[in-house]
Amino acid sequence: MTDRITNVAVLGSTGSIGRSTLEVIDASAGSLRAAALSAHGSTKLLLEQAQRVRPRCIVVSDPEAAKRQDWSGLPGDVELLVGPEAIARAAADPQIDVVVSAIVGSAGLQGTWAALEAGKRVALANKESLVVGGPLVTRLARERGASLLPVDSEHSAVFQALQAGRRDEVRRVVLTASGGPFRTYSQDQLAQVTVEEALAHPTWNMGPKITVDSATLMNKALEIIEARWLFDLSPDQIGVVIHPQSIVHSMVEYRDGSVIAQLSPPDMKLPIQYALTWPSRCEGPAAKIDWSRAMQLDFEPPDFERFAALGLGLEVARSGGTAGAVVNGANEAAVAAFLDGRLALNEIVPACRSVLENHNFDPNPTLQQVLELDGWARQEVLSWICA
Ligand code: MG
């Protein structure tokens, strides 16, 4: 992969990860090329991106949004594809080498699926792909000889630390969590958190859904489930530690007691770049640690009582089957309800637990089944709110 151009499809190019991916590609001195971009409704930004990077094609998955946009400024050599099915077409294009799956939420599963079916390398930023369809997605990747490389900073750290030893030498994986902006809040304070407060994350600058997930620690719950499938770990091998500085992105503890960690400033451009250039490491635009300044790294065990999402995540990782799809769908609906002012922050996790307990568990679901359960779980949250 050294002297040839790597063609990248960026699914979700207008979101936080998508924009950072384009920065990494811009800084690659031509070794990476954005060959396809997709957005759901942010057509104005997508058009600007297309004018700047000149991909082979762009996809607008929302046909209504595509209709509202004036495309007269689209360069003649950029093909415009419309509709959700077009995402799969762009991902499976034989010219594409790597697919960055960065569409937020369970909507991202389709693009991941199509890319894996086509045997691509997938740089996975969409954790929901594995939370919702973990056993199905990893089996598909194996069958098609496709590779799944993590973009999530914690999983990228684990992936990097796993290169220090053999898989059968791993005792456990420790995911770090910043603890979110309400790390020190009491239960009562958590009940009063406003949307504005929840959207101000201390160390990471991300989209609204993942920022709310960081405040409830549901993000860490989803990452526990993601790690279980991505690295084929037993849930008992996955731990979480609170690390407010977000410098150590996660660790692998080996059976001799050695702990291998990956450190870097909180900047998604590094894990994105590593997933695009692996197994090579290249110069890049990500921030570097300044060792000339004093720095403190703190670690503390998480409070499972105040942050019930963590226990829920471990439970779902143990159950497997349909549990991930249900909790994820319920959480997406609950976060939307919180952002609309219809649900308190500390009600998100109880709503998800209630929906999980009310569903008909199936240990070996089909893709169709998990997608249906995703819709069902969203509806159940709405009923839970009204009840
Ligand atoms: Mg993460």
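Let's start with one side chain: Tyr 185 is partly exposed, at a relative accessible area of 24%. On this scale buried means under 20% relative accessible area and exposed over 50%, with partly exposed in between (1.4 Å probe, protein chains only). The model is predicted, so to speak of a local feature takes pLDDT of at least 70, side-chain atom pairs count only at pLDDT 80 or more, and totals for chains, interfaces and linings use all residues. Residues are numbered from 1 along each chain as its sequence is written, and side-chain values use heavy atoms, with hydrogens and water left out.

Tyr 185 has an aromatic partner. Phe 182 and Tyr 185 make a tilted pair, with 4.9 Å from centre to centre and 55° between the planes. The rule here is that rings of Phe, Tyr and Trp (its six-membered ring) pair if their centres lie within 6.5 Å; planes under 30 degrees apart are stacked, over 60 edge-to-face, and the rest tilted. Phe 182 itself counts as buried, at 2% relative accessibility. The rule yields 3 aromatic pairs, and one aromatic cluster is formed by Phe 159, Tyr 274 and Trp 278.

Now pull back to the whole chain. It holds 16 helices and 11 strands, read as DSSP runs numbered from the N terminus (helices are H or I, at least four residues; strands are E, at least two). The radius of gyration is 20 Å, close to the 21 Å that the globule rule gives for 387 residues, so the chain is as compact as a globular protein of that length. Both numbers rest on simple recipes: the radius is taken over C-alpha atoms, and the rule is 2.2 Å times the number of residues to the power 0.38. Along its principal axes, the C-alpha trace spans about 55 × 50 × 40 Å. Of the 387 residues, 56% count as buried.

Contacts, meaning heavy atoms within 4.5 Å, reach far along the sequence: among those between residues at least 6 apart, 67% join residues at least 24 apart.

For a local example, try Asn 331, which lies in helix H14 (residues 323-339). Asn 331 counts as buried, at 0% relative accessibility. Neighbours within four places in sequence aside, Asn 331 is in contact with Lys 209, Asp 213, Met 218, Leu 222, Ile 348 and Cys 352. Asn 331 and Arg 378 are 47 residues apart in sequence, yet 8.0 Å apart in space, C-alpha to C-alpha.
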